[in-house]
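Thank you all for coming. I would like to walk you slowly through one structure, starting with its enclosed spaces and ending with what a record says about the chain.

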Amino acid sequence: MQASSTIAERTCGTGECGKSCSKREAETLYADARRAMEICNACRYCEGFCAVFPAMTTRREFTKGDLNYLANLCHNCRGCYYSCQYAPPHEFGINVPRLFSDVRAASYEAYAWPDAFAVAFRRNGTVLSIATAIAIATVLALVAHFADPGVLYAADGSPGAFYRVISWDAMVTVAGGVFAFSLVALAVGGVRFWRDTGGGSVRMPAPAVEAVSDVLTLRNLGGGGGGCNDLNERYSNLRRGFHHLTFYGFMLCFAATSVATIYDHAFGLIAPYPFLSFPVQLGFWGGLGLVIGPAGLAWLKVVGDPEPASRRVMGGDFALLALLMLVSTTGLALLALRETPAMGILLAVHLGAVSSLFLFIPYSKMTHGLYRSLALFRAAIERRRNVV
Ligand code: SF4
Ligand code: SF4
């Protein structure tokens, strides 16, 4: 068997074979992943490592849907890379974490809706960065055009100060409209993933509870208690901890916005609220988590062993982590400076960053939350059926 060469090495860019390079890249990628799974299926040394290998053993052949399912079930803990006797420099060149990172990225593109938006995954880092800059510039330009300069640059901490810079209706139209579109896009992508990876009933409460528990605890990043190979062959719980800070930080920030909406509409309490109020405390602690978590995840990518990592997805990953930190730091700065003349500009930058984040939920690494949850759900169903 030949050593696994990289995708870049196998595409010449001349078009002589009559296929586009991106199509050949995808074909080569899935052929490499299929070959790796066939070797793993014969070896089975890693059977107890994670949910991937037990699911793999129930399959003799690996369709694209199977490989997309297994790749999204993989949590990229790198345990199988450091344990593998066939990892490079062995001629088999087995590197499951890197291969599955590339397959996951290909699956995000394949299931994206609308189809035309799938190209956002090709140069995800560049697309995400440019779109964020455009979103912030657009909101700043609109605020500069429509807001009264006497209001925009005034120090005002009284109730309703935010809405005198950007009206409630405008905020809901921009951020709410983008978020609603992203939810629809996510739902279509989820249905496509589910059908392509085997379909079947989703009305099974027990596996759903198991999958939700796996998602909320990141059990598959626990390595049986000792942690994962976050940086190198040594075990740690750093990635799991930083991921928890990022995920729960995001959820707390989302809860803060929801609670503030209820305060406003149900109780007539208009923002800005005191620092010790419920919505501000949710946003403050969530914002801190959303600074520390993404910063930690970015640090792990910089100092970690690059061999099991995919270079193709790195740009998009860094761009998303930077956007998350931009959202959280502008939110915290807005909290700190909300009674100063900087409030209006900070509010516009924050709204632009939030809108970009909402828009890219289905077109960035954020989408992995949906597909991994569905993969965990399928794995739980298969375990209950005693298939594995
Ligand atoms: S990753 Fe390596 S050691 Fe693990 S099952 Fe596959 S071939 Fe065997
Ligand atoms: S990297 Fe970790 S989660 Fe992914 S297949 Fe290997 S052991 Fe399983």
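Before the cavities, one term: when I say helix, I mean a DSSP run of H or I with at least four residues, and the helices are numbered from the N terminus. Please also keep in mind that what you see is a predicted model.

With that term in hand, let me begin with the cavity linked to the ligand. The second largest cavity has a volume of about 90 Å³, and 13 residues line it, with Cys-40, Cys-43, Cys-46, Phe-53 and Cys-84 the closest to its centre. Which helix gives the largest share of that lining? It is helix H2, residues 21-43, which contributes three residues. Sorted by class, the lining of this second largest cavity consists of eleven nonpolar residues, one polar residue and one charged residue.

This is also where ligand 1 sits. Around ligand 1 we find Cys-40, Cys-43, Arg-44, Tyr-45, Cys-46, Phe-53, Cys-80, Cys-84, Gln-85 and Tyr-86, and this shell divides into eight nonpolar residues, one polar and one charged.

Now let me widen the view. How many cavities of 30 Å³ or more does the structure hold? There are three, and the largest of them encloses about 110 Å³ of space. It is lined by 15 residues, of which Cys-50, Phe-53, Cys-74, Cys-77 and Cys-80 are the closest to its centre. At least two lining residues come from each of helix H3 (52-57), helix H5 (79-83) and helix H6 (96-111), and H6 gives the most, with three residues. By class, the lining of the largest cavity has ten nonpolar residues, four polar and one charged.

You may have noticed Phe-53 in several places: this residue is among those closest to the centre of the largest cavity, is likewise among those closest to the centre of the second largest cavity, and belongs to the residues that surround ligand 1.

Finally, I turn to the record. An unreviewed UniProt entry places the feature "transmembrane region" at residues 127-146, 166-194, 245-263, 283-303, 315-337 and 343-363. I have looked at two of these spans in the model. Residues 245-263 are 100% helix and 0% strand, and the C-alpha atoms at the ends of the span lie 26 Å apart. Residues 283-303 are 100% helix and 0% strand, with 30 Å between the end C-alpha atoms.

Technical notes
Residues numbered from 1 in each chain as written. Chains lettered and ligands numbered in written order. Predicted model: local features only at pLDDT ≥ 70, side-chain atom pairs only at ≥ 80, totals over all residues. Heavy atoms only, no water. Near = heavy atom within 4 Å. 1 Å grid on protein atoms, 1.4 Å probe; cavity = no way out; pocket = protein on both sides within 12 Å on 5 of 7 lines; lining within 4 Å. Sits in = over half its atoms within 2 Å of the grid points. Nonpolar A, V, L, I, M, F, W, Y, C, P; charged D, E, K, R; others polar. UniProt positions renumbered as here; feature names shortened; annotations may be inferred. Points joined across faces, edges and corners; volume = space filled by probe spheres on them.
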